[in-house]
Amino acid sequence: MRKSVQSFSSICRSLLLLLILLLCFVKDSQGFPDFKIDNIADKLKGEHSLEKRAVLWNFCSQKLVQITKPGSRGVNARGSRNSEFSNLTIISIDGGFIRIRGMANKLYLCFNKKGKLRTRFQPPKSLPHSCDFSQNLTGDGYHTFKLRDKPEWSIGFKKRGKKLPGFIRKPSQEPCHHFSLDLLNPTPITIPFDFNKKKNYLFNNSGKFRIRHKKRKKKSAQRKRKTKKEPKDT
């Protein structure tokens, strides 16, 4: 009887110790008390969290999108590389959305209530997300830009560069809402060093390599000395 009581008490003690260890482990796994993810998220918010300069090439017009002036007639797809209005800034904002702004005039590309494109210096208070788009990639490798509040609206242009309404009326107009994005300041790609070429490099005792220059070939005229022996007079 005593043995059974002692075994039961030892089991209870071991379970109590395991419970205490488990509570300590859960408390430590919650992270540092001074570390707050919300503070980092607040710093990443805002329209200037990430910017990249680019040009947008439309599939139907075969030309670049340009933002020329404020209003409903301030955007078209008849631009070229030489036009300063074709240079755009794609700005990432909170929520994974972007804004498209002209570099020359600081105008944003937006939609109005009727689903038509226009340019503004800032979104109106009645439509705070009318200039926010989601950037998607199609199966063919083209980019589409859909409105944040109404994903069925997307940016598009006709063959002559005029703007299309946001909603797609015909299936044949769907390629007119496709774009090719070309960055103006891409990350420079450096050519990797070819370590297979061991002939021109030698390593010294310190571990640093030095270039072994090839010996220059001397001119054949300097190497060959013409020694003509004159016949001796007898």
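Trainee: Are Asp132 and Arg99 buried or exposed?

Mentor: This is a predicted model, where local features need pLDDT of at least 70, side-chain atom pairs count only at pLDDT 80 or more, and totals for chains, interfaces and linings use all residues. Residues are numbered from 1 along each chain as its sequence is written, and side-chain values use heavy atoms, without hydrogens and water. Buried means under 20% relative accessible area, exposed over 50%, partly exposed in between (1.4 Å probe, protein chains only). By that rule, Asp132 and Arg99 are both buried.

Trainee: Which residues are linked with Asp132 in a network of salt bridges?

Mentor: A salt bridge puts a side-chain nitrogen of Lys or Arg within 4 Å of a carboxyl oxygen of Asp or Glu. Asp132 meets one arginine at 2.7 Å, N to O, and another at 3.2 Å, N to O. The partners in the network are Arg99 and Arg148.

Trainee: How many residues apart in sequence are the parts tied together by Asp182 and Arg81?

Mentor: Their side chains meet in a salt bridge of 2.5 Å, N to O. Asp182 lies in strand E10 and Arg81 in the loop between E3 and E4 (strands are DSSP runs of at least two residues, numbered from the N terminus). So the pair ties together parts 101 residues apart.

Trainee: Why is the pair of Phe157 and Phe179 given its class?

Mentor: Rings of Phe, Tyr and Trp (its six-membered ring) pair if their centres lie within 6.5 Å; planes under 30 degrees apart are stacked, over 60 edge-to-face, the rest tilted. Here the centres are 6.1 Å apart and the planes stand at 90°, so the pair is edge-to-face.

Key. Helix = DSSP H or I, 4+ residues; strand = E, 2+ residues; numbered from the N terminus.
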